[in-house]
Each structure stands twice: as C-alpha cells, then as structure tokens.
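Trainee: Please walk me through one part of this model in detail. I would like to follow how its helices pack and how its strands pair.

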Amino acid sequence: MGLWDLYFITKLFLYFGQHMDFHAWPNLAFALFLILPIPEKYPRRKRLQQLRQGLAVPAGIALFYYDTWLPPITRVFSQASNLEGFSMTYLIELVERFFNPLAVGGLVLLFVIYYFAAKRIRVTSIILIVMLAPLFSFGHGKPQQELAAKDAAIDASSGPPTSAQLDAQLSAFYDEQSGHAISFSPPPQSDAPFDIIILQVCSLSWDDLDFAKQQDNPLFKHFDIVFTNFSSAASYSGPAAIRLLRGSCGQPKHKMLYDPAPQQCMTFEDLKQIGFEEQLAMNHNGQYGGFLEDVRDRGGMKATLFDIKGLPPYLQSFDGSPVNEDFPVLSKWWEARLKSSAPRVALFYNTISLHDGNYYSGHRTNSMEIYPSRLATLLKDMDRFFSLLQASGRRAVVVFVAEHGASVRGDKMQIAGLREIPTPRISTVPVGIKLIGLPDKPGAKPFLVTQPTSYLAVSQLLANFITITPFGKNSLTMEDYTRELPETNFVAENEDVVVMRRNKQYYIHSKGEDWVEYDTSP
C-alpha cells in the first residue's frame, strides 16, 4: 500500500492506545481497494492508478474522521455559525488540546521502525492481519439485534444487553416520563412569603469539583439539602436551561425541547400563576448560541433581563464578550429586590463564569489552567450572596443547580472541554438547596438525596415548600420534604447522541449506530 501503510499504522496505534475507534470492516474494504491489482497490460492502467489515488485521499480523510470520537461531521457543519463566534485565542487553545506528546512520540518511533522494516518484510500483510483484531475486541462489534419483540424486554440478569433491549429501555423511559407533571398550589394566605432564587451554573459537575479539589468547599456545607446523583440530562447550555425551566414535567426527548410544551410544564409560569413575580438575571449578554432566545421562547421566561450596565467586566468570554463577576451582579439584583413591593419573587439567574474559553480580562491564559481559580471565585461569590441574603432578614429558597460539567479532564473518547457526548462525568452535576431565614444550626450537615433524580425532583421539592412552608412552626425535617421525590434514571442526550445507564453500566447510542458500552474512566 506504500505510504498508505503509515495511514493504517497511525490509526491502529491510536486505536490500541484508546485514542480513537477503528471500524474494522470499512477499513479492510478501503485497504483492499488500495491494493487491488490492476493488470499491467491494461491500456489505461496508469490513469486508473491516478484515479484510485485521487479517490482514496478524500475517502481516507472521511474514514479517519469516522473512526474518531469527534461529533458527526453534519453536527460540525450545523454549528459552524457558533464556531465562527469563537475568538482566535480560544480556537488555538482547542487545537492544542488534540496534541498528545506521548502519542506523537510513539508514532515517530513506529515510523522509524517501519522505514527499516519495509526494506526487509511485507509490512502490508502484517497490517492487514492486525486490522482483524478489532473484530474480536469487546464493544467494537455490532450487538445482535435478531431478538423478537418479546425478547426485547429488559432483563438485567441475562448478561450484556442487546441493542433491542436498550432501545426498549429508552422507549420505556420516555413513556414513563411523559406521565409526570408537578402541580403548584397557591401558598396559604397565613404563610409569611418567601422568594425562590434559582442559580443555574454553567460548566460544573461533580467530576470537575473533584478535579479542582473543591468538593469540600464551605459552600456545600452550608446547604440544607444536596442532590448527589442529579442528572442535568444534557451537556450544552441551551438544552439544560430549557429542561430546568420546563422542569414541572418529566424528561422529554432532546428534539422535543424545540417544540411547544404544555403550559403546565413551564415552572416559572406555574409560579407566576400562584403569586410569584418572574425575574431574570445573567452575568453575560446571553447572545451566544441564542441562549437568551432559548430561555424566552422555549423556557417560557418572559421577564425583562435585569440591567447590569455599569458593572466592570471580570472575564472575557470565549466569544470576546464581557462576563461579570457573580457577587456584584447578584448583590445589585438583591438591592433592587429589596426596593420592590412584590411579596414573592422567583428569580432565574444564569452564570457562565466557568465556561470553557473564558480568560481574565487583559490576561490571555489557558482557560483550563485557570478553571480551578475561577471555580474558587464563583463558589466564594455564591457563599457571600447567601450571607447577604441571610443578613437581610428576608426568607428565600435558593436552588444552586449546574447546567452541565466543563469536562476539565476529559476521558478516552473526548478531549478536555469537548461535550458532544453527554457522559456521566459531564451530566452528573451538583445541586444544593439553601433555606434563607431559618435559625442557624452550627455543625449541621446537609441532608443528602442520593437516589437518581433530575429537574422533576427540584420542581416537586419547591411545590412541597410552597404547600407547607419550611419557615413556619411545622415539625417537618428536610428528610420529610424530600421523601418520595420522583426518581429519574440517567438518560442524557444531545442532538445525535444518547447516553443511558443500565444497572451500573453506561451505554452510548450515536445516530445511525448501535448501542455500545461507554468507558467512563478518564
């Protein structure tokens, strides 16, 4: 195969190093196409050889991309307008993340070995034999799908599931979720009013907290309730915000997020109907990717965006727009809230302080390297905001909920920062509830909700607080308020990818592909 030997050596090296996939049959077919002999006596032999090489180059590039774990090329084209918004600094940083010095060094060594070996042996024959190995590697073959419908039922005791069984599980999940809806009853007239403040944080997962060594940050000790097994069901901001704002209903398919939803699903509209004034604030302009449009048109949040003009920018965003520090924004909003005559307010606040590609104003540094410092600042700002609320003497239920993780350490299938596959490391996020206005209990620990949950559980918890206020003289504990919250099994998806948990194993389904096990190790 000549220089094409190096092409396959590269792919096989990266495959066995777990840096990419290797679809054996298409690669074998491509190799046979390259080595298929053309008779020397054929009159147009040279022209056919040139034609074959001309076709081989784009085919080889396409096949190489197909073997990577990068998003489908159609997805890249559909996001081209968003990519154009990236600053040049951020684009260079993204390219640098694909560079692995150890992998490059290994390839150089292999190429040197090939140079000398090719003079003595038929390297192509060895390559063809090695290309058969992926056919016998677990997880790379196509799962069987010949089961009849009755055998597609979920059976956790019968070994690795088939694609048909996983399809049945996913279908059953959506059917079950479609039957859930939370109702908000008006608070009793005798209850002292309280506000609901939802703080949605971009780019934070439990895995990110572990990476940055912030799992024991004082903020998490100040919560009254912490959800430790919460699925954001997404790995991008727009879908995560829509899911949160539609959290009064069960989890829908990704494509349904962009269809009109029943009015009862709109959590803030539900709160408005029972006497809460909707308010909206962000520490960014919300323009990138149409985020503000998603919040308004698909999340049902019609409130006027809180004006933060005059506050100095804290960060420069990945698209060059300013990002304000969280405490100044939140304290300014709270100052305006204290002047308001509204008895009850429901705030939706979104922050992108941790978003990939952000850098300190005037200092162009690698955004991943400064992630820990940005995270420490954000958590400190949130804790300061809680203290500000507590000092005011007012009552509030504060919900701290992350959109999705930053993927700061990446894994075998995605480089750091890439979030096309909504893995559990990205989509299992911290959620904390803080009740402002309760007496301090020194040394008290948060009540942990450990069962699998998602936005439906948060909506139900808010409904429980509204029905029986936690600020009254009732004897309910946090365990009482969280008893029988709706559980939601882990299913996270983007436009072309679904990741689902079955027992203790995660499985991934890409558009046009069968289900395969997902390796969650870093």
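Mentor: Start with one helix pair: H2 passes H3 in a left-handed crossing. Keep in mind that this is a predicted model. H2 covers residues 24-35 and H3 covers residues 45-67. Their axes come within 11 Å and cross at roughly 165°. An angle over 145 degrees counts as roughly antiparallel. H2 and H3 are therefore roughly antiparallel to each other. Now look at the residues between them. From H2 come Pro-26, Asn-27, Phe-30, Phe-33, Leu-34 and Ile-35. They meet Arg-52, Ala-56, Ala-59, Gly-60, Leu-63, Tyr-66 and Asp-67 of H3. By class, this contact has nine nonpolar, two polar and two charged residues.

Step back for the overall frame. The chain holds 19 helices and 14 strands. Its C-alpha atoms fill a box of roughly 100 × 60 × 40 Å along the principal axes. Of its 522 residues, 50% are buried. Contacts reach far along the sequence. Take those between residues at least 6 apart: 74% of them join residues at least 24 apart.

Next, the sheets. Strands of a sheet pair through backbone hydrogen bonds, either parallel or antiparallel. One open sheet has seven strands, in the order E3-E6-E1-E8-E9-E2-E10, with mixed pairing. E3 (277-282) and E10 are its edge strands, each pairing on one side only. From one strand to the next, the twist averages 15°.

Follow E2 through that sheet. E2 spans residues 225-231. Five of its seven residues are buried, so E2 is largely enclosed by the rest of the structure. Its pairing with E9 (residues 428-436) is antiparallel, over five bridges. There, Phe-227 of E2 stands opposite Val-431 of E9. Its pairing with E10 (residues 447-449) is parallel, over three bridges. Two positions mark that register. Ile-225 stands opposite Phe-447, and Val-226 stands opposite Leu-448.

Helices pack on this sheet too. H15 touches E1 (195-201), E3 and E6 (345-351), and its direction makes about 165° with that of E6. H16 lies across E1, E6, E8 (396-402) and E9. The direction of H16 runs at about 175° to E1.

How do these two helices meet each other? H15 (residues 326-339) and H16 (residues 371-392) pack at an angle of about 20°, with their axes 9 Å apart. Angles under 35 degrees count as roughly parallel. H15 and H16 are therefore roughly parallel to each other. Their crossing is right-handed. On the H15 side, the contact is made by Asp-326, Phe-327, Leu-330, Ser-331, Trp-333, Trp-334 and Leu-338. On the H16 side, it is made by Leu-378, Asp-381, Met-382, Arg-384, Phe-385, Leu-388, Leu-389 and Ser-392. These residues divide into 10 nonpolar, two polar and three charged.

Set the two helix pairs side by side. H2 and H3 cross at roughly 165° in a left-handed sense. H15 and H16 pack at about 20° in a right-handed sense.

There is a second open sheet to trace. It has four strands in the order E11-E12-E13-E14, and the pairing is antiparallel. E11 (491-493) and E14 (516-517) are the edge strands, each pairing on one side only. Inside, E12 (residues 497-502) and E13 (residues 505-510) run antiparallel and are joined by six bridges. Arg-501 has Tyr-506 of E13 as its bridge partner. A helix crosses this sheet as well. H9 (residues 163-177) lies across E11, E12 and E13, running at about 95° to E12.

Finish with a single residue. Glu-269 sits in H13 (residues 267-273). Is it buried or exposed? The cut-off for buried is under 20% relative accessible area. Glu-269 is at 17% relative accessibility, so it counts as buried. Beyond four places in sequence, Glu-269 touches Gln-263 and Glu-278. Its C-alpha atom lies 7.6 Å from that of Met-301, a residue 32 places away along the chain.

Conventions. Residues numbered from 1 in each chain as written. Predicted model: local features only at pLDDT ≥ 70, side-chain atom pairs only at ≥ 80, totals over all residues. Heavy atoms only, no water. Axes fitted to C-alpha atoms, helices over the stretch in contact; angles between N-to-C directions. Parallel < 35°, antiparallel > 145°, perpendicular 65-115°, else oblique. Left-handed = near helix turned anticlockwise from the far one by under 90°. Contact = heavy atoms within 4.5 Å. Nonpolar A, V, L, I, M, F, W, Y, C, P; charged D, E, K, R; others polar. Buried < 20%, exposed > 50% of the residue type's maximum accessible area, 1.4 Å probe, protein only. Pairing = 2+ DSSP bridges.
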